[in-house]
Each structure stands twice: as structure tokens, then as C-alpha cells.
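The exercises below are meant to be worked with the sequence and the coordinates open side by side. Try each task before reading its solution.

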Amino acid sequence: MKRGITVLAVCSLALVGYFNASKWAIHHQTLTFLDPERSDRTVSFDIAVRRDREMESMAEMIDLPVAILSHGNTVKNTEYSFLTNLFAARGYLVISVQHDLESDDPMVTKVGEEYVGRRMQYNRGIFNIKFAIDQLKKVYPNADYRHLTLIGHSNGGDISMYFAKLHPEMVKKVVTLDNLRVPFLTDGKVRILSFRSKDPVFKTDPGVIPSAEECNKDGITVVNTDFQHNDMRDTGSEEAKVSIQGMLDKFLADTDSDDDAKPVTANAPQVLDPGPVAPYVPTAAERAAAKKPLTH
């Protein structure tokens with residue numbers, strides 16, 4: 001009798017473990033559309049969403065929070081899975097937009113011009129994001145597209161900040177990884193988390209990062225790290241990815257539960273405790289991917 005009870009208990013635990021694993025499974029999908037208003041420009045984006053949250057949304061039980069990720073210059077939108085999986089695990093519908101096409105002209109720095117002449121790329125990114133949202137409303141109608149969380153690395157961080165600057169009514173949070181050109185919003189309405197590299201090549205333009213006093217007043221969290229600019233994507237070191245995941249998870253836990261919460265910290269320590277977040281383990285394909293340089 002006791003043996004039967006023990007076997008039943010083990011089977012029950014295995015069943016619970018199976019359903020828990022299924023509950024946290026993340027659905028990945030790539031969608032591609034043509035934008036007729038821009039001469040049928042191809043706009044592709046990857047989606048990551050937790051399957052249980054996806055089903056609840058389709059059943060009209062919840063509105064999914066939406067996070068939009070913008071990649072760095074010359075980098076693919078698929079090279080930030082350590083971030084997209086974290087957001088998806090927390091219940092977000094994550095949209096990773098491919099902004100650059102092979103047919104696009106190379107991005108050139110024009111010293112002396114506003115944002116070193118990159119406004120055209122920022123506007124193109126904004127058009128891509130808004131077009132992607134319009135298409136996704138047909139696929140995921142029960143998602144909150146009015147309170148976006150924007151994430152971006154390098155040039156993608158500048159696209160994210162510029163979008164928030166032009167459309168603050170649509171943005172709730174902005175997370176940047178070493179954006180260099182567009183100054184932070186300082187109106188206190190948008191919560192901002194920004195990771196900064198310690199890189200001798202990639203230098204932030206003057207006036208981009210507010211003073212410590214402004215950060216504390218306006219809910220801006222600036223994290224100074226010892227990592228390189230190119231560490232802030234899947235091909236970066238495990239130390240960099242785990243540290244970023246840990247601080248990002250704490251920031252989301254804070255801001256998702258309390259819109260009026262104070263910033264996590266200003267000028268946080270250079271090495272962060274990742275807390276309960278599991279380290280990101282790259283796939284074989286990601287390990288085999290070429291580590292191409294990222295231009296700013």
C-alpha cells in the first residue's frame with residue numbers, strides 16, 4: 001500500500017512538472033509583411049510570447065503587455081534572445097523588428113549634424129514599429145499597444161528613445177543598451193533603464209545621459225557596467241548577459257507592479273547580482289554565428 005502511494009506521489013509530481021514546463025513554454029514566430037505606403041518595403045519581425053498567456057489573450061481573458069525590441073546597426077533582430085525570452089517569460093508579447101534591409105544604404109556618421117545625421121534611420125525605425133503594430137493588431141487584438149515597453153541596443157536604443165520622444169502617449173517604459181545619440185526623456189512620465197558600457201571606442205554624445213539629480217527625480221535608472229558595447233547581445237559574455245538579465249528583471253518587477261515606484265538605483269554597481277534569473281544558454285546555432293562587428 002505504501003509503495004503504491006509512493007509511486008502515485010512520484011507520478012503526480014512528474015505530471016505537475018510537465019504542466020509547469022508547458023506553462024512556461026515560449027512560442028516563437030516570424031512574420032513578414034509588405035508596406036504599400038513605402039513601395040512595398042519588407043518589414044519582418046519575430047514574436048516571442050508565453051503560450052499560456054497567448055491562450056489567455058486569445059480567450060479575451062487578458063490584454064498582453066507589449067515590448068518592442070530594436071537591434072543595433074548591422075545586427076539582426078534575432079541576436080537578442082537573452083532579452084526577448086526574459087520579457088516573454090514575464091508575460092509580455094515581444095516584437096523584435098528587423099529595421100535594416102540589405103538594399104538599404106549604409107548608415108554614415110555626419111559630424112556636426114543633429115544625431116550625427118541619423119534622423120532618417122530613426123524615422124524609418126519608427127515607421128517600421130508602427131507598421132508592425134498595425135499588423136499585429138490583426139493577429140493579437142487583445143494586447144495593450146497603448147502602453148509600450150521599448151528596448152533597444154546602440155542605434156536601436158536611439159530609435160526607441162526617439163520613438164518615445166515623438167509618441168510619449170504610447171510609451172510606458174524604455175530600456176536602452178548603450179544608446180549614444182538621442183538624449184533621454186526627462187519629463188518623469190516614462191520609466192527609463194539604461195545600461196552603459198565601458199568601451200574606449202563607443203562614446204556617448206554629450207547631453208544624452210541626464211545628471212544623477214535628474215535621474216533620481218524623473219525615475220531614470222542608469223547602470224554603469226564594465227562590459228563592452230558589443231557584449232550587450234547574444235554573442236556577448238555570459239557575465240554580461242546574466243548581469244543585464246538580473247537588473248532588467250528587477251526593474252520589470254518594480255515597474256510592472258507599481259507605476260509610481262522610485263528608480264531601482266542610480267549609478268548602480270558595475271557587477272550586478274542576477275538574482276533568481278537563470279543564465280542564458282545559447283543554442284548551437286547561436287554559438288556558431290559569426291561575431292561580426294557592430295558599428296555605432
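## Exercises on a predicted model

Residues 24 or more positions apart account for 73% of those contacts in the protein chain that have a separation of 6 or more. The model is predicted, and the chain contains eight helices and eight strands. Of its 296 residues, 50% count as buried, while the chain exposes about 14,400 Å², with carbon and sulfur atoms supplying 57% of that area.

**Exercise 1.** Determine how Tyr122 and Tyr162 are arranged relative to each other, and work out which parts of the chain the pair ties together.

*Solution.* Begin with the count of aromatic pairs, which comes to five. Tyr122 and Tyr162 form one such pair, with 5.7 Å from centre to centre and 45° between the planes. Planes under 30 degrees apart would count as stacked and planes over 60 as edge-to-face, so an angle between these limits is classed as tilted, and tilted is the class of the pair Tyr122 and Tyr162. Next, place the two residues: Tyr122 lies in helix H4 (residues 119–139) and Tyr162 in helix H5 (residues 155–166), so the pair ties together parts that are 40 residues apart in sequence. Both Tyr122 and Tyr162 are buried. Finally, extend the search to further rings, and ring pairs are found to link Tyr115, Tyr122 and Tyr162 into a cluster.

**Exercise 2.** Decide whether Asp52 is buried or exposed, and find the side chain with which its own side chain makes a polar contact.

*Solution.* Locate Asp52 first, in helix H2 (residues 51–58). Its relative accessible area is 13%, and since buried means under 20%, Asp52 is buried. The buried residues of H2 are Asp52, Glu54 and Ser57. The side chain of Asp52 makes a polar contact with the side chain of Arg50, at 2.8 Å. Following the chain onward, Glu60, just after H2, takes a positive phi of about 60°.

**Exercise 3.** Establish how far helix H3 is enclosed by the rest of the structure, and list its buried residues.

*Solution.* Helix H3 covers residues 81–89, and seven of its nine residues are buried, so the helix is largely enclosed by the rest of the structure. The buried residues are Ser81, Phe82, Leu83, Thr84, Leu86, Phe87 and Ala88. Just after H3, Gly91 takes a positive phi of about 100°.

**Exercise 4.** Describe the surroundings of strand E4, first by the burial of its residues and then by the strands with which it pairs.

*Solution.* Strand E4 spans residues 93–97, and five of its five residues are buried. Leu93, Ile95 and Val97 point one way from the strand, whereas Val94 and Ser96 point the other way, and all of them are buried. Turning to the neighbours, strand E2 (residues 41–50) pairs with E4 in the antiparallel sense over four bridges, and Ala48 has Val94 of E4 as its bridge partner. Strand E3 (residues 64–70) runs parallel to E4 and is joined to it by five bridges, with Val97 of E4 as the bridge partner of Ser70.

**Exercise 5.** Name the handedness of the β-α-β unit that E3, H3 and E4 make.

*Solution.* Take the parallel strands E3 and E4 as the two β elements, and helix H3 as the element between them in the unit. With the strands pointing away from the viewer, a path from the first strand over the helix to the second that runs clockwise is right-handed, and the unit made by E3, H3 and E4 is right-handed.

Terms used. Residues are numbered from 1 along each chain as its sequence is written. This is a predicted model: local features need pLDDT of at least 70, side-chain atom pairs count only at pLDDT 80 or more; totals for chains, interfaces and linings use all residues. Side-chain values use heavy atoms; hydrogens and water are left out. Buried means under 20% relative accessible area, exposed over 50%, partly exposed in between (1.4 Å probe, protein chains only). Contact means heavy atoms within 4.5 Å. Accessible areas come from the Shrake-Rupley method with a 1.4 Å probe; for residues, only the protein chains shown count as cover. Rings of Phe, Tyr and Trp (its six-membered ring) pair if their centres lie within 6.5 Å; planes under 30 degrees apart count as stacked, over 60 as edge-to-face and the rest as tilted. A polar contact is a pair of N or O atoms within 3.5 Å; within protein, one must be able to donate a hydrogen and the other to accept it, and residues adjacent in sequence count only if both atoms are side-chain atoms. Two strands pair if DSSP finds at least two bridges between them.
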